[in-house]
Amino acid sequence: MKLLRTALPALFALVTAAPAALAAGAADYPSRPIEMVVPSTAGGGTDVMARLFAETAKKYIAQPIVVSNKPGASGGIAMAEVQRAAPDGYKVGVLISELAIIPHLNMAKVTTADFIPIARLNGDPGLIAVKADSPLQTIDDLLAQARKQPGSLTMGNAGTGTIWHLAAAAVEEKTGVKFNHVPYQGAAPSVMALVGGHVDAITVSPAEIGSFVAAGKVRVLVSMADHRLSAPYDKVPTFKEKGTDLVLGTWRGLGVPLGTPPEVVQVLREAARKTAEDPAFRDALTRANLQPAYMDGVQFQTFMNSQSDYFKKLLGGLHIQK
């Protein structure tokens with residue numbers, strides 16, 4: 001009994017001290033550098049956006065943001081790492097559109113409900129592009145070849161289960177053609193494969209091919225946007241113009257593990273809002289062919305959930321080989 005009387009106060013002190021310690025840690029957040037985990041290789045649109053954000057955010061947060069690239073499993077490896085991380089705000093994940101896709105392909109257990117969203121920062125439509133000297137001059141040419149010889153036309157993408165793999169599969173479903181899908185470890189490698197002549201075409205976003213379009217090495221045949229894009233893509237028709245109801249694209253934002261203290265979440269959300277509104281960040285995104293598309297944390301959560309529902313329904317009508 002004496003031992004119990006001695007132990008109970010100590011146990012009570014330990015239990016009550018834990019929230020106080022957590023609150024103290026949140027109060028001086030951030031006191032050390034923040035890691036931003038990017039679910040793709042260096043050089044692609046997601047990586048570019050993350051690095052532009054980290055650079056501009058220096059103005060609005062007390063510690064540097066260090067970018068860490070961890071590609072694989074269509075972004076699942078990086079996002080799962082963030083999901084499992086200590087909820088202290090020192091590991092922030094770049095959440096991408098694949099978060100709404102890969103759970104429905106049984107490629108990862110991580111879902112849109114596994115994070116506290118900070119903000120959406122960017123959104124881009126899908127494109128189909130070919131090498132500049134390709135004999136396929138229009139999207140009609142490409143589809144005609146795919147119909148004539150099903151499976152002969154090689155369509156590169158950023159990896160099995162990625163938004164660009166799904167976009168190509170959606171084209172098949174909408175038009176009745178059949179591609180030979182060729183996955184790569186990210187969008188940047190798929191672009192290099194196209195430029196090197198290893199695939200006939202790729203599905204990709206404007207950001208990954210902007211410099212190659214400007215250099216005259218890559219030609220865009222069609223976009224999956226609601227309406228025509230600005231230069232240098234203003235002469236590119238949309239699928240909707242061609243009579244095919246297909247609108248698909250990628251999005252990128254930030255999230256932290258569930259359980260992250262509200263004070264920490266608020267610091268990150270405020271820094272994200274100020275960064276997203278900063279003309280330097282917006283101009284840098286535009287120059288990189290990335291479209292600014294800010295949503296606050298609450299809006300972003302609603303959007304991600306709706307995207308998950310959309311892709312679950314879409315995947316029900318597609319044949320995706322994992």
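Contact here means heavy atoms within 4.5 Å. I keep that cut-off for the notes on Thr238 and Ala167. The model I have open is predicted.

**Entry: Thr238**

I started with Thr238. I found Thr238 in the loop between β9 (218-223) and β10 (249-257). Is Thr238 buried or exposed? Its relative accessibility is 1%, so I noted Thr238 as buried. The cut-off for buried is under 20%.

Next I listed its partners. I left aside the neighbours within four places in sequence. Thr238 is then in contact with Val222, Ser223, Ala225, His227 and Arg228. Of these I placed Val222 and Ser223 in β9, going by its range of 218-223.

I also looked up a polar contact. The side chain of Thr238 reaches the backbone nitrogen of Glu241 at 3.0 Å.

**Entry: Ala167**

I moved to helix α5, where Ala167 is found. Ala167 has a relative accessible area of 0%, so I put it down as buried. I set aside its neighbours within four places in sequence, as before. Ala167 is then in contact with Met224 and Leu248.

I checked one separation too. Ile128 lies 39 residues from Ala167 along the chain. Their C-alpha atoms are separated by 9.4 Å.

**Entry: helix α7**

Why did I write down α7 as largely enclosed by the rest of the structure? The helix covers residues 206-214, and seven of its nine residues are buried, so the description holds. I listed the buried ones: Pro206, Ala207, Glu208, Ile209, Gly210, Phe212 and Val213. Glu208 is on that list along with Ile209 and Phe212.

I then read the backbone just after α7. Gly216 takes a positive phi there, about 75 degrees.

**Entry: pockets**

I turned to the open pockets. The largest has a volume of about 390 Å³. I counted 21 residues in its lining. Gly123, Asp124, Pro125, Val247 and Gly249 lie nearest its centre. β4 (115-125), β10 and α10 (297-315) each supply at least two lining residues. By class I logged eleven nonpolar, six polar and four charged residues for this lining.

The second largest pocket has a volume of about 320 Å³. Its lining holds 27 residues. Nearest its centre I found Ser40, Ala158, Thr162, Gly186 and Ala187. Two or more lining residues come from each of α2 (45-56), α5 (163-175), α6 (187-195) and β10. By class, this lining has ten nonpolar, 14 polar and three charged residues.

β10 drew my attention in both lists. It supplies at least two residues to the lining of the largest pocket, and it gives two or more to the lining of the second largest pocket.

**Entry: cavities**

How many cavities of 30 Å³ or more did I find? The count comes to two.

The largest cavity has a volume of about 80 Å³. I wrote out its lining: Ile34, Met36, Phe53, Ala57, Ile61, Ile65, Val92, Ile118, Leu254, Leu268, Ala271 and Ala272. By class these are twelve nonpolar, no polar and no charged residues. β1 (34-38) and α8 (262-277) each supply at least two of them. The largest share, three residues, comes from α8.

The second largest cavity holds about 30 Å³ of space. Arg120, Leu121, Ala276, Phe281, Leu285, Pro292, Ala293 and Tyr294 line it. I sorted them into seven nonpolar, no polar and one charged. β4, α9 (279-287) and β11 (292-296) each supply at least two residues here. Which element gives the most to this lining? I have β11 down for that, with three residues.

**Entry: whole chain**

I closed with totals. The secondary structure comes to ten helices and eleven strands. The C-alpha atoms fill a box of roughly 85 × 40 × 30 Å along the principal axes. Of the 322 residues, 53% are buried.

I looked at contact range next. I took contacts between residues at least 6 apart in sequence, and 77% of them join residues at least 24 apart.

Last came the surface. The accessible surface is about 14,300 Å². Carbon and sulfur atoms account for 57% of it.

How values were computed. Residues are numbered from 1 along each chain as its sequence is written. This is a predicted model: local features need pLDDT of at least 70, side-chain atom pairs count only at pLDDT 80 or more; totals for chains, interfaces and linings use all residues. Side-chain values use heavy atoms; hydrogens and water are left out. Buried means under 20% relative accessible area, exposed over 50%, partly exposed in between (1.4 Å probe, protein chains only). Helices (H or I, at least four residues) and strands (E, at least two) are DSSP runs, numbered from the N terminus. A polar contact is a pair of N or O atoms within 3.5 Å; within protein, one must be able to donate a hydrogen and the other to accept it, and residues adjacent in sequence count only if both atoms are side-chain atoms. On a 1 Å grid over the protein atoms alone, a cavity is a set of points where a 1.4 Å probe fits but cannot get out, and a pocket is an open set with protein on both sides within 12 Å along at least five of seven lines; lining residues have an atom within 4 Å of a point. Grid points are joined across faces, edges and corners, and a volume is the space filled by probe spheres set on the points. Ala, Val, Leu, Ile, Met, Phe, Trp, Tyr, Cys and Pro count as nonpolar, Asp, Glu, Lys and Arg as charged, and the others, Gly among them, as polar. Accessible areas come from the Shrake-Rupley method with a 1.4 Å probe; for residues, only the protein chains shown count as cover.
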